Amino acid sequence: MIRKGEKFYLIAGPCAIESEKQLFETVSKIYQNIDYLRAGAYKPRTSPDSFQGLKEEGLKILAKVAKNFNLLTVTEVLDTKDVQLVSSYTDILQIGARNMQNYALLKEVGKIKKPVLLKRGLAATVGEWLSAAEYILSGGNKEVILCERGIRTFSQETRFTLDLAGAVKAAQKSSLPVIIDPSHATGEKDLIESMTLAAKAAGLDGAMIEVHYQPEKAKCDGKQSLTPREFNELYEKL
Ligand code: PEP
Ligand code: MN
């Protein structure tokens, strides 16, 4: 479990599970430096024509590769009807930014016995984010991890705007661990290292980072994915 104030946790892996080879090749180079493996089997994509994930086949690959390297996993659930299935394959369930206010889904994951990583909505205030967490907590699930993944602002320089102060504010206002996702927040691999170091300096609890063994061939979010070598260099700096 990810505990507040314990250490700086690293969750890493590709945006999406594309194949067993892709996941295996990526994880085999970083497994020693990560606390959790992340990889999506159900992908919330802006366009319906984009790769939507391998679904249950992806979950099976995730569980197999994680077992091989003795790792715990984080993966996203998009739909209430998939909560039991996803929770049977993973250690932590992720609620993505687009679903932060999907109250039916929040209530459903409030009933399970596995931790939930709750991303901040693209346009959610810190108060709304903490209220969304309350839905899960009041359902009886006390293991919620908050993840700041960038919000929409007028700034066009980066994909979203990492609200580091907002993340610290969330950490001050609640007893939950708070991590950042510098990959989605910035959309650029060259900004991941500095934002991760900043989050650690700010006293936050960890970072979730996209890593792909061949970012240029990734089916999604290659531009914001580190190579395993770059990730391991960041690990050393931390
Ligand atoms: C993800 O982490 O794979 C993801 C889709 O993130 P977000 O919900 O923050 O966009
Ligand atoms: Mn992604």
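Okay, quick definition before anything else: a donor here is an N, O or S atom within 2.8 Å of the metal. Keep in mind that water is not among the atoms, so a site may look incomplete. And this is a predicted model.

So, the metal. The manganese ion, ligand 2, is coordinated by Cys-15 through SG, His-184 through NE2, Glu-210 through OE and Asp-221 through OD. Those contacts run at 2.0 to 2.4 Å. If you like motifs, the donor spacing along the chain reads C-x168-H-x25-E-x10-D. Take two of these donors: His-184 belongs to helix α7, residues 182–186, while Glu-210 belongs to strand β8, residues 206–210. They sit 26 residues apart, and the pair links distant parts of the chain. Buried or exposed, His-184 and Glu-210? Both are buried.

Now the largest pocket, where two of those names come back. It has about 240 Å³ of space, and 17 residues line it. Closest to its centre are Pro-44, Arg-98, Arg-159, His-184 and Asp-221. What kind of lining is that? Nine charged residues, four polar and four nonpolar.

There's also a cavity to show you, the one of 30 Å³ or more in this structure. Its volume is about 30 Å³. The lining is Arg-38, Ala-39, Gly-40, Lys-43, Val-74, Thr-75, Glu-76 and Gln-94. Strand β3 gives the most, with three residues. By type, we get three charged, three polar and two nonpolar.

Next, the rings. How many aromatic pairs does the structure hold? Three. In one of them, Phe-24 and Phe-69 have ring centres 5.2 Å apart and planes at 45°, so that pair is tilted. Phe-24 comes from helix α1, residues 20–30, and Phe-69 from the loop between α2 and β3, 45 residues apart. Why do we call Phe-24 partly exposed? Because its relative accessibility is 33%, and partly exposed is the class between 20% and 50%. Phe-69 is at 12%, so that ring counts as buried. Add Tyr-31, and ring pairs link Phe-24, Tyr-31 and Phe-69 into a cluster.

Last thing, charges over rings. Arg-149 lies over the face of Phe-160, 4.2 Å from the ring centre. Then there's Lys-219, whose charged end sits over the ring of Phe-51, at 4.8 Å from its centre.

That's my tour, thanks.

Notes
Residues numbered from 1 in each chain as written. Chains lettered and ligands numbered in written order. Predicted model: local features only at pLDDT ≥ 70, side-chain atom pairs only at ≥ 80, totals over all residues. Heavy atoms only, no water. Donors = N, O, S within 2.8 Å, 3.2 Å for Na, K, Ca; no water. Helix = DSSP H or I, 4+ residues; strand = E, 2+ residues; numbered from the N terminus. Buried < 20%, exposed > 50% of the residue type's maximum accessible area, 1.4 Å probe, protein only. Phe/Tyr/Trp six-rings, centres within 6.5 Å; stacked < 30°, edge-to-face > 60°. Lys NZ or Arg CZ within 6 Å of the ring centre and 35° of its normal. 1 Å grid on protein atoms, 1.4 Å probe; cavity = no way out; pocket = protein on both sides within 12 Å on 5 of 7 lines; lining within 4 Å. Points joined across faces, edges and corners; volume = space filled by probe spheres on them. Nonpolar A, V, L, I, M, F, W, Y, C, P; charged D, E, K, R; others polar.
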